[in-house]
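Trainee: Hi! Could you walk me through this model before I set anything up?
Mentor: Happy to. Let's put it on the screen.

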Amino acid sequence: MPDHPFRRIRSTVSALAACALAVTVVAAGATPAYAAADTERPTAPGPITVVAIDTTSVELTWAASTDNVGVVRYPVGAQFEDSGAQYSTDTNSIRITNLRPSRTYTFSVWALDAAGNSSVSNPTLRLTMPPGDDQPPSAPGQPVAYDVTAAVVRLRWAHSVENVALDRYEVFRVDAGGTLTRVREVYQYPPVNSAQISGLAPNTTYTFVVQARDEVGHLSPLSAPVTVTTLPPPPTCSVRSTVGQWPDGFVARLQVTNTGSTAIDGWTMRWRFYAGQQLRSLWGAEVVDRDSSYLRVRNVRYNAVIPPGGTVSLGLVATGTQLPEEITLNGGLCTVADE
């Protein structure tokens, strides 16, 4: 069959479209053939030198690398202790900002070519930024102890006043003779003014002070001390629960027995109590607080003391279907038996 002119035109158009598609693919980021075949590494950049520096920024430069095809960019690293950041430039210089005064950074630079080959034996520069702070922070406020248990003390204090930026708070235990033992560092940035001290001995008196440190390393005076006594070991206890239920709620009577060998003088109980529940009535105790998952109550005047083997009774009327469980007495988990 003779070749039709329209068929020849269509064939030509198809060939041109395929060629255009191939060009588009390469333009969209495919590795050029010469780059894919390139296995030679660029030479290492020259030594890093400082062009300009202030308390929070530095401009660096280095002798350019050479490559058989061409260097496309220079990654630059800035390392401080265990943290670091990486930057990139397509020239042999860079300005890095948002650094911290008086910190010592290690800067490094290497070269990459279009095929991804990286230079070796790359230079580094260890540089301490100029100081931007010549004043120590003020003393933190006197710590206040809260949520004290047999093994844990939580402390909070008023912030130190600092002219540039605080780096951390350090909490010290004051031992016999005034010796300071550091028990906690608060590293968050900016530092929070609270800390939890764990691993303490029950029924023991401790004294704590707090000190602030700024970014340069200046130390504040010590705070005024706080002295706190941890609680006795959590009591052992059992709870017998009697529950009557109806479609939208229940009434529960709890008999709490001290199964330990020492008297409990003042108690706080906590049990599971969801946010959607409403407490209609409570007797034999008074509410301390509640959150989305628990209700906490404490003794009333006439039932504060529970002797060994002794029992106190309390009860509640509430909506919902979540009955009292995960019951604790002064932080100790009670065994629960239902009737």
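Trainee: How many helices and strands are in the protein chain?
Mentor: The protein chain has two helices and 27 strands. Keep in mind that this is a predicted model.

Trainee: And what share of the residues is buried?
Mentor: Of the 339 residues in the protein chain, 35% are buried. The chain exposes about 18600 Å², and 53% of that comes from carbon and sulfur atoms.

Trainee: What about contacts between residues 24 or more positions apart?
Mentor: Taking the contacts with a separation of 6 or more, residues 24 or more positions apart account for 64% of them.

Trainee: OK, cysteines next. How many disulfides does the structure hold?
Mentor: One. The disulfide joins C237 to C334, with an S to S distance of 1.8 Å.

Trainee: Which parts does that pair tie together?
Mentor: C237 sits in strand β16 (residues 237–246), while C334 is in the loop between β26 (332–333) and β27 (335–338), so the link connects parts that are 97 residues apart in sequence.

Trainee: Why is the disulfide left-handed?
Mentor: Because the torsion about the S-S bond of C237 and C334 is about -95°.

Trainee: Are C237 and C334 buried or exposed?
Mentor: Both C237 and C334 are buried.

Trainee: Let's move on to the largest nonpolar core. Which residues touch the most other members there?
Mentor: That core has 22 residues, and W267, M269, W271, L314 and L329 touch the most other members. The elements giving two or more residues to this core are β16, β17 (249–258), β19 (268–272), β22 (294–298) and β24 (311–319).

Trainee: Pick L329. What does L329 touch?
Mentor: Leaving out residues up to four places away in sequence, L329 touches P235, C237, V256, I264, W267, T268, M269 and C334. You'll recognise C237 and C334 as the disulfide pair.

Trainee: Which residues are in the other core?
Mentor: Another core, of 18 residues, lies apart from the largest one; A78, L99, V109 and L127 are among them. As a general point, nonpolar side chains tend to be buried together in soluble globular proteins.

Trainee: Now sheets. What is the order of the five strands in the open sheet with β19?
Mentor: The order is β21-β22-β19-β25-β26, with antiparallel pairing. β21 (286–290) and β26 are at the edges with a single partner strand each, so one side of each has no neighbour in the sheet.

Trainee: How many bridges join β25 to β26?
Mentor: Two bridges join β25 (residues 328–329) to β26, and the strands run antiparallel. L329 turns up again here: its bridge partner in β26 is G332.

Trainee: And the sheet with three strands, what is its order?
Mentor: That open sheet runs β9-β10-β13, again with antiparallel pairing. β9 (144–146) and β13 (194–197) stand at the edges with a single partner strand each, so each has one side without a neighbour in the sheet. The twist averages 30° from one strand to the next.

Trainee: How do the side chains along β10 point?
Mentor: They alternate: V153 and L155 point to one face and are buried, whereas R154 and R156 point to the other and are not. On the bridge side, L155 in β10 is the partner of A145, and R154 has Q196 in β13 as its partner.

Trainee: Last one: what is special about phi at D147?
Mentor: D147 takes a positive phi near 50°, in the hairpin of β9 and β10, which has six residues between the strands.

How values were computed: Residues are numbered from 1 along each chain as its sequence is written. This is a predicted model: local features need pLDDT of at least 70, side-chain atom pairs count only at pLDDT 80 or more; totals for chains, interfaces and linings use all residues. Side-chain values use heavy atoms; hydrogens and water are left out. A disulfide is a pair of cysteine sulfur atoms within 2.5 Å. Helices (H or I, at least four residues) and strands (E, at least two) are DSSP runs, numbered from the N terminus. Buried means under 20% relative accessible area, exposed over 50%, partly exposed in between (1.4 Å probe, protein chains only). Two strands pair if DSSP finds at least two bridges between them. Axes are lines fitted to C-alpha atoms, for helices over the stretch in contact, and angles run from 0 to 180 degrees between N-to-C directions. A nonpolar core is a set of buried Ala, Val, Leu, Ile, Met, Phe, Trp, Tyr and Cys residues joined through side-chain atoms within 4.5 Å. Contact means heavy atoms within 4.5 Å. Accessible areas come from the Shrake-Rupley method with a 1.4 Å probe; for residues, only the protein chains shown count as cover.
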